[in-house]
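Open the model in your viewer and keep the selection tool at hand. The stops below follow one another; select, look, then move on.

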Amino acid sequence: MIDLQPLAILREIDRTGSLTQAADKLFLTQSAVSHAVRRFEERYQVKLWKREGHKLRLTPSGEYLLGLANRVLPQLEYGAVVLEDYASGRRGAIRVGMECHPCQDWLMRVLDPFLSQWPDVDLDVTTAFQFGGLAALLSHEIDILVTPDPVEQPGIEYQPVFDYELVLAVAETHPLADKGRAEPADLAGETLITYPVSRERLDIYTQFLIPAHALPRRHRTVETTDLMLRLVASGRAVSATPDWLLRDAKGVRGVRLGQGIAKSIHLGHRKGECPNYLSGFMELAATVQI
């Protein structure tokens with residue numbers, strides 16, 4: 001493999017026009033430069049330059065090596081900068097896992113300034129986990145988990161980013177709209193719409209319906225918030241919805257579920273693994289309110 005030192009020497013000679021100045025730039029003595037070039041020439045049985053008075057004229061071999069130096073050395077120098085960025089936490093990748101379907105709009109408001117502040121950090125967002133978000137975090141499939149239901153686990157830390165209340169979204173013309181509060185029995189004749197999440201992880205079931213031994217007439221799921229609110233506004237269904245989603249929703253009103261279901265969105269990450277860009281993401285997320 002070609003030694004990099006002769007490449008650097010030739011490049012500096014080409015830049016400065018002088019063997020002495022090239023040696024100074026490389027923090028070498030002139031004799032050390034001459035020795036490195038002579039050793040290279042002996043190894044490859046070529047001459048890199050010829051002297052013409054006080055000037056050096058590159059041979060075809062020297063011209064080739066100079067071209068190689070101008071192609072290779074900048075890449076290696078840039079590679080060193082990249083490695084320094086990785087070491088200092090200025091460069092890397094974040095994989096964000098979402099367990100909060102309606103948090104997409106909030107996340108987009110976090111991503112825009114983050115991508116501007118950390119241009120050398122790659123970012124990916126996923127909602128598909130083979131064994132659930134916590135398992136994905138523990139197995140290093142993701143680096144941050146956005147979840148409304150933090151599960152305490154050794155090696156995992158959570159940071160709350162904003163609070164909200166889970167309410168029952170009903171049409172403005174629905175009888176419950178004027179009551180201001182819904183009880184479990186009120187859903188007995190209703191079609192309940194939720195995101196496609198198992199009942200064991202739906203708060204309207206675990207904190208509201210199941211403790212009262214009540215169930216809705218029908219339960220269906222939809223993928224998008226927009227479709228969910230449209231179906232609610234048409235009077236075809238009701239939905240358990242974070243209160244912030246209803247601020248600008250037309251034809252829909254939020255009704256408190258019993259005594260209220262208070263929630264918080266948390267960011268989970270592995271303990272001891274928090275490079276600068278990951279800390280930057282979480283600090284920024286805490287400033288972006290829903």
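## A parallel pair

Start with Leu192, whose bridge partner in strand 9 is His219. This is a predicted model. Now widen the selection to strand 8 (residues 191–194) and strand 9 (residues 218–221). The two strands pair in the parallel sense, over four bridges. Add helix 7 (residues 203–209). Together, strand 8, helix 7 and strand 9 form a β-α-β unit, and the unit is right-handed.

## Helix 1 and Arg11

Go next to helix 1, residues 4–16, and find Arg11 there. Is Arg11 buried or exposed? Arg11 is buried: its relative accessible area is 7%, and the cut-off for buried is under 20%. Show what Arg11 touches beyond four places in sequence: Leu66, Ala69, Asn70, Leu73, Pro74 and Glu77.

Now colour the whole helix by burial. Pro6, Leu7, Ala8, Ile9, Leu10, Arg11, Glu12 and Ile13 are the buried residues of helix 1. Then check the length. Helix 1 has 13 residues and reaches 18 Å from its first C-alpha to its last, close to the 18 Å expected at 1.5 Å a residue.

Look at both ends. At the start of helix 1, a side-chain oxygen of Asp3 comes to within 3.3 Å of the backbone nitrogen of Gln5. Just after helix 1, select Gly17, which has a positive phi of about 75°.

## Across to helix 4

One of the residues touched by Arg11 is Asn70. Select Asn70 in helix 4, residues 60–88. Asn70 counts as partly exposed because its relative accessibility, 40%, falls between the 20% and 50% cut-offs. Now draw a distance from Asn70 to Asp226. These residues are 156 apart along the chain, and their C-alpha atoms are separated by 55 Å.

## The largest nonpolar core

Which residues touch the most other members of the largest nonpolar core? Select Ile94, Trp106, Phe162, Leu267 and Phe281; the core has 35 residues. Now show the elements that each supply at least two residues of this core: strand 3 (92–98), helix 5 (104–117), strand 5 (144–147), strand 6 (156–171), helix 8 (225–233), strand 11 (252–270) and helix 9 (276–287). Helix 9 gives the largest share, six residues.

Centre on Phe281. Leaving out residues up to four places away in sequence, Phe281 touches Ile94, Val96, Leu107, Val110, Leu111, Phe114, Leu123, Ile144 and Leu267. Apart from this core lies another, of 20 residues, among them Leu19, Phe40, Leu58 and Leu65.

## Helix 9

Select helix 9 as a whole. Its buried residues are Tyr277, Leu278, Gly280, Phe281, Met282, Leu284 and Ala285. They pack against strand 3, helix 5, strand 4 (121–126), strand 5, strand 6 and strand 11. Helix 9 has twelve residues, which should span 16 Å at 1.5 Å a residue. The end C-alpha atoms of helix 9 are 17 Å apart, which agrees.

## Last stop: strand 11

Finish at Gly254, in strand 11. Gly254 counts as partly exposed, at 38% relative accessibility. Add Val167: Gly254 and Val167 are 87 residues apart in sequence, yet 5.7 Å apart in space, C-alpha to C-alpha. Apart from its neighbours within four places in sequence, Gly254 is in contact with Val167, Leu168 and Leu246.

Technical notes: Residues numbered from 1 in each chain as written. Predicted model: local features only at pLDDT ≥ 70, side-chain atom pairs only at ≥ 80, totals over all residues. Heavy atoms only, no water. Core = buried A, V, L, I, M, F, W, Y, C linked by side-chain atoms within 4.5 Å. Buried < 20%, exposed > 50% of the residue type's maximum accessible area, 1.4 Å probe, protein only. Contact = heavy atoms within 4.5 Å. Expected span 1.5 Å × (residues − 1). Polar contact = N/O pair within 3.5 Å; in protein donor to acceptor, adjacent residues only side chain to side chain. Pairing = 2+ DSSP bridges. Right-handed = clockwise from strand over helix to strand, strands pointing away.
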